[in-house]
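Thanks for coming. I will go through a few points on packing and cysteines, and then stop.

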Amino acid sequence: MRRVAITNVGAVGPFGASLDEFLDWWKAGRPALARAIESIDEPWLPTELACEVPFWKPRVHLPDRKAIKLMTPRVQFGVTTALQAWGSGVDDTIAMLPSADRRGMFTGAGVPVDEEWTFRDAVETSIVDETFDVVRFAEKGQDLLNPLWLVKSLTNNILAFTAKQLDLQGDNDNFEAGAAGPLLALGSAARSVACDRMEVALAGGADSLVTVEDLLVMDRHGLFAPDAPRTLLPSQGGAFARLEPGSRGQFGVLAFASRMAPLAKDVAPPATHFPPDNVEEALDLATVEVWHQAKMLGIKDSQATQIRGPRLPDGPGDIDLWTTLGDPGAGAGGLLLAAAWALRFTDKDTRPIEIAAAGPSGEVAVALLGTLP
Amino acid sequence: MDRREVWITGVGIVCAHGDDVATVAEAQREGRSGAVALADSFDTTHFDVLAACRVPDADPAIADLKADFGLRAARAAISDAFGEDAIDCRPDLVGVHLASGLVSTPVTEAEDELLASMDAEGRYQHAAAAARLADPSPWRARHFTDRVNRTLTTDYGIRGPSLVNHGACAASAVAIGLGARWIERGTSDVVLAGGYESMIHPFGVLSFGMLGALSERQDCSPAEVSRPFDATRDGFVIGEGGAVLVLEDARRARARGARCWGRVLGMGTSMDAYRVTAPAPDGHGAVAAMRQALSKAGLGPDEIDYINAHGTGTPLNDATETAAVKQVFGGKGEAPPMSSSKSALGHSVAAAGAVEAVLCLLAMRDGVIPPTLNLTHPDPDCDLDCVPLEAREAELTHVVSNSFGFGGVNCSLALGATP
């Protein structure tokens, strides 16, 4: 098994559209980023505040301008961060790399939503006598739909557009497990590089909860109510990391594990948008397994710095990102990678960094990053 | 560490032929189509689509039909593998790796949702929708695509890893391949792997139709619409269903006297995002996936007895896939027989890879290559032995199953017969 180094990270979020801006925010003490919502022009919104990517202009960040029309904002964020993680001189770098089939990519994506609300007009025109009329929908409604709705809604679009841009043809996968998804992607990418299937792999994820549909769902769950036990600040963004074979002393992936938290028997599906209450059991199991793997590598210091995803119980010494950064859905798992990078290279923290995240139904992923032994 | 051998010790399938393995095998042998009129599901005026491959007892009123298929297939597979409705394995050594697609929204549900959210002028109002806080099951939460994983882990006390894969039409093949890797490297002893999908509803049909992916043929019976590799093909027929395999460490399976349906020998995956909805014309992504699967399985091209093609029936896919198969296996006379199960069962999108893996296991068990139905005018660009019209008896030891998806995701599985 080969050592796996993390050699670069890209990030987009309410702090800005680059890793440098993330690090500036980090160094400034991680100040609050909530602002009045600007990207949604609707007369009614359940909350006035969100953490949006400021001044987002995809044409500035994405070289394939025709493809932008096929990308929802969350895909734009994901592809942008993946390209950043790959490196600034994309074309030059490709020429120096092994063949395309040795370049892989693994992503964590959010739940697909009709971000642009394209169905609304089509459905409205299909109401006849207070009933949804399928025939009228087909006859009149489809003219109002974006014909590429289905294509734009594919959850593997971050993977697809990045792969096309960078000519990645190797191992790949796309997980939908909320904030745990990008960590599942990290685990798969690390395995792929460690087993010598891939020479380089991108891993991470991006998402946006600042959409009409997301806000609606959250409001239904009472998350904007003043007395809500679990409040939520919708956010957007994500991050990707570049993984390559590493050597002793480099920053990299030490261990990874995932587990599923079962629903309590007295909780009838569907679960809410958030990890079930019994997520601690899965978190404990995955953490124990990660440290077991670390011990096999000779890592004895269990005093790791911990960073956990939104709504997970705080660990001892846990660093809180989400109060000021908001909750970017699946993007949170990606931003854990950026935070680990900041700890290591900005804060010069040389201890193992334990990152953990949970998905909406109890998927739990834990990764241990640090100095490769 | 040596790679552990992966046996398939249980199968569950829900498709247009039904949910009973024996019935599905019989339909495959007899070359029956599962297609029916789409108009049996809803009023198709202005839809320009004639056929669909509907699960016979599918109830469109079920809120999440695809999850229903997934759960039925998984429970059948568990029962098949363990002889009871329980998994005989340490909970933390059981994993779940399933695949799913987009939201499947029945009209009844959309209607309820939308009508309840309209104002007096018939405009959708977010506030009205949000006011329905008393609704215990908002539709989106109901459609979380990991719902099947969640239910299985809860009902069967599973404590191992659990993943939902989203790789479009290749998704469930990828789930099987990666599930097998968990067994190979010792992460799990038992893995439930497969996928489920239902898009036979107005929104799904319209979405694929607007992309030009569905056949618009009207001049024949529903059973004659799907025509993979035929010169007259013009698109696929939408299908639905689910399939789940119980993958198990072979040593453990032998020790408990489990039945072996077959073996997962290798998986190849690649990306070739030429366009989001189209493969590269030279098929290099498909070539890479097939070669990788053979390499992982330790097999040469001449050791493959049958290829279950992705074979959607779209003009582009079938020609590209044929070209890719030729690059790996040689031309006519060299390449093994290849057929498309989508000619009988339609394209069940995210479920297709798992459904077709089960069909491959049945083909190996029964020594019967399923036919490509409606292949009466072979396309000169699809000139391999595509097993037209009738099933063929043959001894099958090693097979390859291809699955290719939007976004350029390609997956090939190499499967082996019972040792």
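Buried here means under 20% relative accessible area. What you see is a predicted model. With that cut-off, take A:Glu124, which has a relative accessible area of 11% and is therefore buried. A:Glu124 sits in helix α6 of chain A, residues 119-124. Its C-alpha atom is 8.2 Å from that of A:Gly141, a residue 17 places away along the chain.

Next, the nonpolar cores. In soluble globular proteins, nonpolar side chains tend to be buried together. In this model the largest nonpolar core has 112 residues. The residues with the most contacts inside that core are A:Phe22, A:Leu243, A:Leu369 and B:Leu247. A separate core of 29 residues lies apart from it, and includes A:Phe132, A:Ala138, A:Leu145 and B:Phe42.

Back to B:Leu247. What is B:Leu247 in contact with, leaving aside its neighbours within four places in sequence? The list includes B:Val6, B:Trp7 and B:Ile8, then B:Ile176, B:Gly179, B:Ala180 and B:Ile183. Also among the contacts are B:Asp189, B:Val190, B:Val191, B:Ala193 and B:Val264.

Last, cysteines. How many disulfides are there over all chains? The count is zero, with a disulfide taken as two cysteine sulfur atoms within 2.5 Å. Take B:Cys53: the closest cysteine sulfur is in B:Cys15, 9.3 Å away, so the two are too far apart for a bond. B:Cys53 is buried, at 2% relative accessibility. B:Cys89 also counts as buried, at 13% relative accessibility.

That is my last slide.

Definitions and conventions: Residues numbered from 1 in each chain as written. Chains lettered and ligands numbered in written order. Predicted model: local features only at pLDDT ≥ 70, side-chain atom pairs only at ≥ 80, totals over all residues. Heavy atoms only, no water. Core = buried A, V, L, I, M, F, W, Y, C linked by side-chain atoms within 4.5 Å. Buried < 20%, exposed > 50% of the residue type's maximum accessible area, 1.4 Å probe, protein only. Contact = heavy atoms within 4.5 Å. Helix = DSSP H or I, 4+ residues; strand = E, 2+ residues; numbered from the N terminus.
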